[in-house]
Amino acid sequence: MDFKEIKSKAKEKINGKLWDVWKPAIIIGFISMIISVIATSIFGNESTTAELVTALFSILLIPAEVGYISYMLKFVRGEEYDINELKTYYGQIGILIIINILVYIFVLLGFICLIIPGIILSFAYTMVFYVFIDNPGLNAKDYLNLSKDLMNGHKFNYFVFCLSFIGWILLCGLIIPIIWVVPYITTAQTIYYEKLKELKKEEI
């Protein structure tokens, strides 16, 4: 995988369009923050109930987060994208919750067995919502298997790819760079998925 090409394309894509990438992320983050503030103000800062309420509403935000991935795929593919994409997957909230639960269980079991299998599985399922968007109508286990197949032979490569942004992430401590870094990394990760799909087609 050519990291330089992916990063160059990401920079090209976000040029003059930082707000396009930030907008849906800010909406999701704002809703999440409001829920947390309301829960803690009602039930108290150290309340288990507040944590449970926040966790419940976090689950209800899963379709919006998947909608953001869909938004980014359209952004990267040069298709028409709209903030309403965040609402697109609420009709499929059931299967999205099941996918999340399955990923959590398998990764947790991996960590219980040994730490390394847990890390490997977490990378194996990294693309699960990308394949969910691109392959409608399957069952939850199918999406896990598709992500696993897609990442087969590329888990360490993706790990190195993620590590290559560490310098930029550290710069985010200075606040101002985060305005550019977050869209850059988000776009680059989406392009990585696109390149991975192309690579897998060539391998068949």
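This is a short tour of selected helices, a surface patch and some salt bridges in the structure above.

The model is predicted, so local features need pLDDT of at least 70 and side-chain atom pairs count only at pLDDT 80 or more, while totals for chains, interfaces and linings use all residues. Residues are numbered from 1 along each chain as its sequence is written, and side-chain values use heavy atoms, with hydrogens and water left out.

**Stop 1: helix α4**

Select residues 62-77, which make up helix α4. Helices here are DSSP runs (H or I, at least four residues), numbered from the N terminus. How far apart are the end C-alpha atoms of α4? They are 23 Å apart, which agrees with the 22 Å that 16 residues should span at 1.5 Å a residue; the expected span is 1.5 Å times one less than the number of residues.

Now colour α4 by accessibility: 13 of its 16 residues are buried, and the helix is mostly covered. Buried means under 20% relative accessible area, exposed over 50%, and partly exposed in between (1.4 Å probe, protein chains only). Step just past the helix to find Gly78, which takes a positive phi of about 75°.

**Stop 2: salt bridges from α4**

Next, show side chains. A salt bridge is a side-chain nitrogen of Lys or Arg within 4 Å of a carboxyl oxygen of Asp or Glu, and by this rule the count comes to six.

Pick Lys74 and Glu85, whose side chains meet in one such bridge at 3.0 Å, N to O. Lys74 sits in helix α4 and Glu85 in the loop between α4 and α5, eleven residues apart. Is each partner buried or partly exposed? Lys74 is partly exposed, with a relative accessible area of 24%, whereas Glu85 counts as buried at 9%.

Then select Arg77 and Asp134, where the closest N and O atoms of the salt bridge are 2.8 Å apart. Arg77 lies in helix α4 and Asp134 in helix α7 (residues 128-134), so this pair ties together parts that are 57 residues apart in sequence. Arg77 is partly exposed at 30% relative accessible area, and Asp134 is partly exposed at 25%.

Keep Asp134 on screen and add Lys197, which forms a salt bridge with Asp134 at 3.3 Å between the closest N and O atoms. Lys197 belongs to helix α11 (residues 178-203), and this pair is 63 residues apart. Add Glu194 as well: Arg77, Asp134, Glu194 and Lys197 are linked in a network of salt bridges.

**Stop 3: helix α8**

Move on to residues 140-151, helix α8. Its end C-alpha atoms are 17 Å apart, in agreement with the 16 Å that twelve residues should span at 1.5 Å a residue. Which residues of α8 are buried? They are Ala140, Tyr143, Leu144, Ser147, Leu150 and Met151. Look down the axis of α8: these buried residues fall within an arc of 130°, so they line one face of the helix. The arc is that of the directions from the helix axis to the C-beta atoms.

Beyond the end of α8, Gly153 takes a positive phi of about 85°.

**Stop 4: a nonpolar patch**

Finally, show the surface and select Trp19, Ile26, Ile27, Phe30, Ile31, Met33, Ile34, Val37, Ile38 and Ile42, a nonpolar patch with about 930 Å² of accessible area together. Patches are made of residues with over 30% relative accessible area and no salt bridge (like charges are joined within 9 Å, nonpolar side chains, meaning Val, Leu, Ile, Met, Phe, Trp and Tyr, within 5 Å). Accessible areas come from the Shrake-Rupley method with a 1.4 Å probe, and for residues only the protein chains shown count as cover. Click on Met33, found in helix α2 (residues 18-43); at 46% relative accessibility, Met33 counts as partly exposed.

Technical notes:
Helices (H or I, at least four residues) and strands (E, at least two) are DSSP runs, numbered from the N terminus.
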